[in-house]
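Trainee: Could you take me through one part of this model in detail? I'd like to see how that part sits against the rest of the chain.

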Amino acid sequence: MMRDGLSNLFEYKKGTSPLDPDSDGDEMLDGWEVDNDLNPTIKDRWHDRDGDFIPNVIEWALNWKPNSADSNRDNISDTAMAGIAVAKIIAVDLVPLCVSLRKRLKTKIRKIKINHAHNPW
Ligand SMILES: [Ca+2]
Ligand SMILES: [Ca+2]
Ligand SMILES: [Ca+2]
Ligand SMILES: [Ca+2]
């Protein structure tokens, strides 16, 4: 039994290496690939087995399921979850930007008002 969770006999049958926990070198462990219906003997990290637009290796990194378009079965698809995640990342950057923009706009408006009060024409 190797660290990749596969027995040597199983690895022999599958064509994976019992000495290498990642036989095809695609950075996803053999055991995980087999458990999730991926191919442990070809580099399929950028494939999208379940068609949710998220490559296998990203699903691996997120601990999602590359063979299910709704990994945690909460009726929100992985595609939507990824969209939400990206939206959150954008929002984190966007909120301070909006706040500073609004501040700048307010100062600008105030200046215009002051100028206007001094010089109505
Ligand atoms: Ca692999
Ligand atoms: Ca693979
Ligand atoms: Ca996918
Ligand atoms: Ca998925």
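Is Lys-111 buried or exposed, and how many C-beta neighbours does Lys-111 have inside 10 Å? Please look closely at the helix around that residue while you're there.

Mentor: Sure, with the reminder that this is a predicted model. Lys-111 counts as exposed, because it has just 10 C-beta neighbours inside 10 Å and the exposed class takes in residues with 12 or fewer. The residue belongs to helix α4, so let's start with that helix.

Helix α4 runs over residues 78–118, which makes 41 residues. From the first C-alpha to the last, α4 reaches 58 Å, close to the 60 Å expected at 1.5 Å a residue. There is still a bend in α4, of about 30° at Leu-94. A proline, Pro-96, follows that bend within four residues. As for cover, α4 has hardly any: of its 41 residues, the count of buried ones is 1. So the exposed state of Lys-111 goes along with a helix that is hardly covered.

Now step back to the domains. The assignment gives domain 1 as 1–75 and domain 2 as 77–121, and the centres of the two, taken over C-alpha atoms, are separated by 43 Å. Contact between them involves 7 residues of domain 1 and 4 residues of domain 2. On the domain 1 side, the touching residues are 4 nonpolar, 1 polar and 2 charged.

Going back along the chain from α4, you come to the loop between α3 (56–62) and α4, where Arg-73 lies. Asn-75 is in the loop between α3 and α4 as well. For a feel of the reach, Lys-111 and Asn-75 are 36 residues apart along the chain, and their C-alpha atoms are separated by 52 Å.

Check the backbone at those two loop residues. Phi of Arg-73 is near 50°, a positive value in a residue other than glycine. Asn-75 has a positive phi too, about 65°, and is not a glycine either. That's worth a glance, because most residues other than glycine have a negative phi. Arg-73 is exposed, with 8 other C-beta atoms within 10 Å, and Asn-75 counts as exposed with 7 C-beta neighbours inside 10 Å.

For contrast, go to Asp-30 in helix α2 (residues 30–35). Asp-30 counts as buried because it has 26 C-beta neighbours inside 10 Å, where 20 or more is the mark. Leaving out residues up to four places away in sequence, Asp-30 touches Asp-4, Leu-6, Thr-16, Pro-21, Asp-22, Ser-23 and Pro-40. Ile-54, on the other hand, is 24 residues from Asp-30 in sequence and 19 Å from it in space, C-alpha to C-alpha.

Last stop, the nonpolar core. The largest one has 5 residues: Met-28, Leu-29, Trp-32, Leu-38 and Trp-60. Trp-60 is in contact with Met-28, Trp-32 and Pro-66, once its neighbours within four places in sequence are set aside. Put that beside where you began: Lys-111 is exposed, on a helix with a buried count of 1.

Definitions and conventions:
Residues are numbered from 1 along each chain as its sequence is written. Chains are lettered from A and ligands numbered from 1 in the order in which they are written. This is a predicted model: local features need pLDDT of at least 70, side-chain atom pairs count only at pLDDT 80 or more; totals for chains, interfaces and linings use all residues. Domain bounds come from an automatic or database domain assignment. Two residues are in contact if their C-beta atoms, placed from the backbone, lie within 7 Å. Ala, Val, Leu, Ile, Met, Phe, Trp, Tyr, Cys and Pro count as nonpolar, Asp, Glu, Lys and Arg as charged, and the others, Gly among them, as polar. A nonpolar core is a set of buried Ala, Val, Leu, Ile, Met, Phe, Trp, Tyr and Cys residues joined through C-beta atoms within 7 Å. Helices (H or I, at least four residues) and strands (E, at least two) are DSSP runs, numbered from the N terminus. The expected span of a helix is 1.5 Å times one less than its number of residues. The bend at a residue is the angle between axes fitted to the seven residues ending there and the seven starting there.
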